[in-house]
Amino acid sequence: MANYNIVYKGRILDGYSKESVKAALVENFDFTVEKASQLLNSGRVYIEKDLPPQRAKEYGIALKKAGLNVVLTRSVPAETDPAPHRSPEPELAAPVMEKSPMDQTGQAPPESGRAPITRTVQTRALPFEFMGTGSEYFKIWIVNLILSILTLGIYSAWAKVRRKQYFYGSTLLNGSSFEYLADPKNILKGRIIVAAFFIGYSVVSKIFPLAGTILSLLFVIIMPWLVVRSLAFNARNSAYKNIRFGFQGSVGEAAKVFILFPLLAGLTLGILSPWAIFRQKKFIVENYSYGTASFEFTATHRDYYAMVLWALIPIIIGAVLMGIASVIFPPVASLVAIVLYLYLFAYFSVKTTNLIFNSTLLGRHSFDADLEIKGYLGLIIVNTLASVVTLGIFYPWAHVRTVRYKLDHLVFMAKGDLDNFIAQEQEEVSALGEEAGDFFDLDIGL
C-alpha cells in the first residue's frame, strides 16, 4: 500500500485566522512558534512525507481541524529507489519546499550514495468519447425550453440538471461515464437569491439612486464569494467513477483574480490583460481536485502574451482590408468584419483550450489537446449558418457537434495504472470523508 505526503496548499481554510492556526499548531503539534510562522508565510510546501496511510489520514484530518488547508498526495511509488531513509512513522518536521519527485520520464531523481533502480512507467493515451446525438439532445432541449417558459423560469434549474446529466453521462473516459449529481433545488435557490438582488436593486436605484450605488458596490464585494461558491458547487456535483471533483479556492484570492487584476489590466490599457487572464485560469485549475488529488497548472504568463501577440497579425490584416473595402465598396467591409470576428473567436477558443489542457496535470497524469483553428472555424461557421436558417432549431445539433469536436481532440495521458490511481483515491476519500455541502451550497449559473 502506498504511503502519503501531507502538503500545505499555501493558505488556511476560510473562517480561520493565521493567529488561531499558529496557536493550534504550537499547542497540538510539534511546531515551534518560529516554524509555525514559517509555514503560514510560505507557499505550497510539504509538511510531512512518506507517511503510512492511516498516519497520513489522521494527520490530515487533525491539521484541517486546526484550520490548515492540506491535501494528501501519494509518495513516489516504488518504481525507482524507495530507500527507507525515514522512520516508518516520522514526527512532524520542519516544512520542506515542495518539489516534484518525478521527472518527465517518470523516474525519481537519484539519491546520494545509492544507485537508482529504474523501471519504465508506461503512458497510455485514453481518448475522451462523446456518445450523445443531436436528435437525443433536441428532445431534452425542447422539453426544457417549453417547461421553463410555462413556469416563468422556475423549471430552468431542473432543465440545467437534465442537460448536464445528459452531457456528463454521454462523455466516456476509459469506458466509464461522468456524472452530474446536483440537486435542482439548490440551483433554484441560487437563482432566486440573485434574481431577488437584481429586482431589489432595480427598484431601490430608481427610488433612491444613492442606495442603488451602494448596492452596486455591495455586489462587487460579494461577487468573489459567489464565484467561489458556484465553482465549488459545480465541482462537488461532478463525479467520475463515484469520486467527486472539488474546488478549494479562497474568497480572498478570487477577489484578486476576478476584481483587482482585471482592474489593473484596465488601468494599463490592456497591457496586463494576458497576465490577468493567466492568473484567473491558474486560480481555477489549481484549486480543482479529483478526490484528494489536486490539479496543477504549468502554463506561464508568457504563453498568454504569446497567444495575444500572434492574434495581432490577423487583426492588423483585417483592419487594413476593412479600411480598403470601406473606401472601394463599403458593404464588403462588414463582411470582412464578420469573417475577422469568427476567425478570432475560433483562434482564441482553440488556443485557450489547448493551452489549458496541455498545461494541466493531475498527479503524474496529463492531458493532450490538439484542436485546430481551421477545423473549429469550419464547425462554428456551419453551426451559425444552420442555426440562423432554422431560426434556432439547429441549436441542439450545433451544441452536440461542438462538444464532440472538442472531446475528439482531447486525450487523457495516464501514466501508470489509472484504475489503481482511482482505487487509491476512493480509499483516501472514504477515509477522510467526503466534503459536505453547506447552507450556502448554491449555483449562480457560472
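In which strand is the place of His365? In this predicted model, His365 belongs to strand 13, which spans residues 365-369. With a relative accessible area of 2%, His365 counts as buried, because the cut-off for that class is under 20%. Not counting residues up to four places away in sequence, the contacts of His365 are Thr360, Phe412, Met413, Ala414, Lys415 and Phe421. One of these residues, Lys415, also places its backbone nitrogen 3.0 Å from a polar atom of the His365 side chain. The C-alpha atom of His365 is 9.7 Å from that of Arg124, although the two residues are 241 residues apart along the chain.

Phe412 touches both His365 and Arg124. Beyond these two residues, and with residues up to four places away in sequence left out, Phe412 is in contact with Ala125, Leu126, Phe128, Leu173, Ser366, Phe367 and Leu418. Phe412 is also among the residues with the most contacts inside the largest nonpolar core, together with Phe128, Tyr290 and Tyr304. This core comprises 61 residues. Its largest share is contributed by helix 11 (residues 330-358), from which six residues come. A second core, separate from the largest one, has 20 residues, including Tyr8, Val21, Ala36 and Ala66.

A contrasting environment is found at Gln122, located in the loop that runs between strand 4 (96-97) and strand 5 (123-130). Gln122 has a relative accessible area of 62% and is therefore classed as exposed, the cut-off being over 50%. When residues up to four places away in sequence are not counted, Gln122 touches Ala414, Lys415 and Gly416. Two of these, Ala414 and Lys415, also appear among the contacts of His365. For Gln122 and Ala414, the C-alpha atoms are separated by 8.3 Å, while the residues stand 292 residues apart along the chain.

The pocket analysis gave a volume of about 1,900 Å³ for the largest pocket. Its lining consists of 43 residues, and the ones closest to the pocket centre are Tyr168, Tyr288, Phe357, Leu407 and Leu410. By residue class, the lining of the largest pocket contains 29 nonpolar, 10 polar and four charged residues.

Methods:
Residues are numbered from 1 along each chain as its sequence is written. This is a predicted model: local features need pLDDT of at least 70, side-chain atom pairs count only at pLDDT 80 or more; totals for chains, interfaces and linings use all residues. Side-chain values use heavy atoms; hydrogens and water are left out. On a 1 Å grid over the protein atoms alone, a cavity is a set of points where a 1.4 Å probe fits but cannot get out, and a pocket is an open set with protein on both sides within 12 Å along at least five of seven lines; lining residues have an atom within 4 Å of a point. Grid points are joined across faces, edges and corners, and a volume is the space filled by probe spheres set on the points. Ala, Val, Leu, Ile, Met, Phe, Trp, Tyr, Cys and Pro count as nonpolar, Asp, Glu, Lys and Arg as charged, and the others, Gly among them, as polar. A nonpolar core is a set of buried Ala, Val, Leu, Ile, Met, Phe, Trp, Tyr and Cys residues joined through side-chain atoms within 4.5 Å. Buried means under 20% relative accessible area, exposed over 50%, partly exposed in between (1.4 Å probe, protein chains only). Helices (H or I, at least four residues) and strands (E, at least two) are DSSP runs, numbered from the N terminus. Contact means heavy atoms within 4.5 Å. A polar contact is a pair of N or O atoms within 3.5 Å; within protein, one must be able to donate a hydrogen and the other to accept it, and residues adjacent in sequence count only if both atoms are side-chain atoms.
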